[in-house]
Amino acid sequence: VTAPAWLTEPEVGLCPCGCIGRRTRRGFVDKTLRGGAGVLRTALFSDEVSARPGLLQRIDPRVKLATVVALLVACGLVHRLAVLLAAYAATVVLAVASRVPMGLFLRRVWLFVPLFTGVVVLPATLNVITDGDVVVGLGTWFGHDLGITRQGLQAAALIVVRVATSISLVVLLVLTTSWTRLLASLRSLGVPRVFVLVLGMAYRYVFHLLGAVTDMYEARTARTPRPDTDVTRGRAFVTASAGALFGKAHTLAEEVHLAMVARGYRGSPRSLAPGRLRALDGVWALASVLAVVAILGADHALRG
Amino acid sequence: VHIPDGYLSPATCGVMGASMVPVWAVAARRVRRVVTTRYVPLVALGAAFSFLVMMFNVPVPDGTTAHGVGATLVAILLGPWAAVVAVTTALVIQALFFGDGGVLALGANCFNMAFVMPFVGYGISRALSGRVALTSPRRLLAAAVGAYVGINVAALCAAIEFGIQPDLFTAADGTPLYAPFHLSETIPAMLAAHLTVAGGVEAALTAGVIAYLQRANLPVLRINHRDVDDLTAGPPRRLGWRWAAIGLAVMVVLTPLGLLAPGGAFGEDAPQDLDLGRYGLKAVPTGLAKWSSFWNHAVLDGYGLGDGQNETVGYLLSAVVGIAVIAAVTGLAYLVARTVATRRREAGT
């Protein structure tokens, strides 16, 4: 079953902060409802992308997880901006080969990175934080010469591109792998069985409990004729609904436990048997190793 | 408090991940030991709850909203070890499914939010609530203070992880390779945000949920408080030696902070460094001059290796040797006291 496009695609052209279009300050009820809808949308969307016939979708999740971690470490060790830019370009090529929608892939990285990382590292370009050769003088403030340093600019560019490349790699992994197969691969990578079982069950019941949260919040919205701005009342509602949610989760845990025992659970979980590795997985693993060597080699050569 | 990939060096991520491995191992063993079949669904649903709690927007007085972490809340409801598993699971789902928070930085994120935060928050709340009744308002205060301190200590850990990056990882020309801010900038920035808004939201959320459960769903509070009565307080609990050991361990872990402190300790200067004019003196008093250098055979003179090199290593070595000596002397004194007490008892009977 594929979800219709209008359901899974985020609203195009509307910045999530609401700076374009109608500028209404959203209350906590609306925000939480939208957050819940966002979780569902992401789940439907990545289910859909992971079923597409692309390059990364064909790779075994175990191999994919291990190689993505290796590539993340390699990108983490790079000192040169040019090498990181090349690595970022390679992730874009991989996204095209895996039929990940380009607009979303670029937006997910470039909406988040400048907004958070960019703003955070901006002060670091000044000589008061990162000492070095001043390239743009900003005059004298309180008796101190203020200016933007070459080292500061380099550091800011380095961290922005590094964060962008890392996020792109993780987004590629997340969007092209179905959750059940990823879970099975964790077990064969040595994660304890208990953790895999808890992880799988938690993921399944996140969506169930999300339905309960949405119901509570929609019921409140339906009974609210005009926006309630009282902070204390709002907080009382939030904490009461969180408490009610825990009560529901606890009741559900009891029922799930009884159902598990009725079906023969005696404390030793079984997980999905991971499939056999194919030739393509070997080729991908080899290509990733070569990419790691190339990234580190190029960086070393450029450092001189 | 979520740290994305790219802010911390792979070496830092490796160290943080490695330090979480024993915690996860103990947590997994505990989960298996406690009533085997019932515990797994409870912890799994706790994990789903802790994922969703991070989504709840709490209204803040200025008209905007903020969201909490809920690690202390889960620790109070299910116990700290279950909270380690539950919050770790929530963070893994966020990282591997939604791409929020880093994959490499997962170890660091888990250390801050799935280990430090529930244990600090739970420890403080338990110490403050003592054995008062389950419906007592003191439990709300204890939960609020625990959550507030817990999130601030977690933020302090994150600030330290960020702040050590430029000191440890800098290119030859002085370009910081990862997070560029120093400890003197990260600690005030993180704590300013968490001592005010984030800490307040966490405290309000935790205490609010406990208050609701006290009114509406008392059986749920009993999951982790089996020995406490609903309405009457139990006998006061004696603080065990274990708490003293935990306090001492925290202080040992914080020892390296001494390396960052500027200046020296008051009244510990060498005589030649004294500002004599300030005290109206013309010369170093003869007694001080004679006795200050009376003993100069210290093994680790000036908390260093003596040659003035490797100050950091020398400082840490001094700390380790000092702790070992104190532990040995205390242990010896304890053994002597116990032997004497046993002899007396035997002589008396």
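The exercises below work through a predicted model of two protein chains, A and B, each with a solution set out in steps.

**Exercise 1. Describe the interface between chain B and chain A: how many residues are in contact, and which elements of chain B supply them?**

Begin with the contacts, where 67 residues of chain B meet 81 residues of chain A. Next take the area buried between the two chains, which is about 6,600 Å², with carbon and sulfur atoms giving 78% of that area. Then turn to the polar side of the account: the count of salt bridges between chain B and chain A is zero, and the rule finds two residue pairs in polar contact across the interface, both at pLDDT 80 or more. On the side of chain B that touches chain A, at least two residues each come from α1 (10–33), α2 (36–53), β1 (57–59), α3 (71–78), α4 (80–97) and α8 (183–216) of chain B. Of these, α2(B) gives the most, with 13 residues. Sorted by class, this side of chain B holds 47 nonpolar, 14 polar and six charged residues.

**Exercise 2. Find the salt bridges of the whole structure, and decide for each partner whether it is buried or partly exposed.**

A search over all chains finds two salt bridges. One of them joins A:Arg52 to A:Glu48, with the closest N and O atoms 3.7 Å apart. To place the partners, use the band from 20% to 50% relative accessible area for partly exposed residues: A:Arg52 counts as partly exposed because its relative accessibility is 24%, and A:Glu48 falls in that class because its value is 22%. The side chains of A:Asp60 and A:Arg62 also meet in a salt bridge, at 3.0 Å from N to O, and here both residues are buried.

**Exercise 3. Check whether the lengths of α2(A) and α12(B) agree or disagree with 1.5 Å a residue.**

For α2 of chain A, residues 28–50, the 23 residues should span 33 Å, and the end C-alpha atoms are 33 Å apart, so the two values agree. Among the buried residues of this helix are A:Phe28, A:Val29, A:Gly36, A:Phe45 and A:Ser50. For α12 of chain B, residues 311–348, the 38 residues should span 56 Å, and a separation of 55 Å between the end C-alpha atoms therefore agrees with the expectation. In α12(B), the residues B:Gly314, B:Ser318 and B:Ala319 are buried.

**Exercise 4. Describe the surroundings of B:Thr88: which residues does it touch, leaving aside those up to four places away in sequence?**

First locate B:Thr88, which is found in helix α4 of chain B. With a relative accessible area of 4%, B:Thr88 is therefore buried. Its contacts beyond four places in sequence are A:Phe195 from the other chain, together with B:Trp24, B:Ala83, B:Cys110 and B:Ala114. With B:Trp24, the side chain of B:Thr88 also makes a polar contact of 3.1 Å.

**Exercise 5. State what sets the backbone of A:Arg99 apart, and where this residue is found.**

Most residues other than glycine have a negative phi. A:Arg99, although not a glycine, has a positive phi of about 60°. This residue is found in the loop between α4 (81–97) and α5 (102–121) of chain A, and A:Arg99 counts as partly exposed because its relative accessible area is 47%.

Methods. Residues are numbered from 1 along each chain as its sequence is written. Chains are lettered from A and ligands numbered from 1 in the order in which they are written. This is a predicted model: local features need pLDDT of at least 70, side-chain atom pairs count only at pLDDT 80 or more; totals for chains, interfaces and linings use all residues. Side-chain values use heavy atoms; hydrogens and water are left out. Contact means heavy atoms within 4.5 Å. Buried area is the accessible area (1.4 Å probe) that two parts lose on being put together, summed over both. A salt bridge is a side-chain nitrogen of Lys or Arg within 4 Å of a carboxyl oxygen of Asp or Glu. A polar contact is a pair of N or O atoms within 3.5 Å; within protein, one must be able to donate a hydrogen and the other to accept it, and residues adjacent in sequence count only if both atoms are side-chain atoms. Helices (H or I, at least four residues) and strands (E, at least two) are DSSP runs, numbered from the N terminus. Ala, Val, Leu, Ile, Met, Phe, Trp, Tyr, Cys and Pro count as nonpolar, Asp, Glu, Lys and Arg as charged, and the others, Gly among them, as polar. The expected span of a helix is 1.5 Å times one less than its number of residues. Buried means under 20% relative accessible area, exposed over 50%, partly exposed in between (1.4 Å probe, protein chains only).
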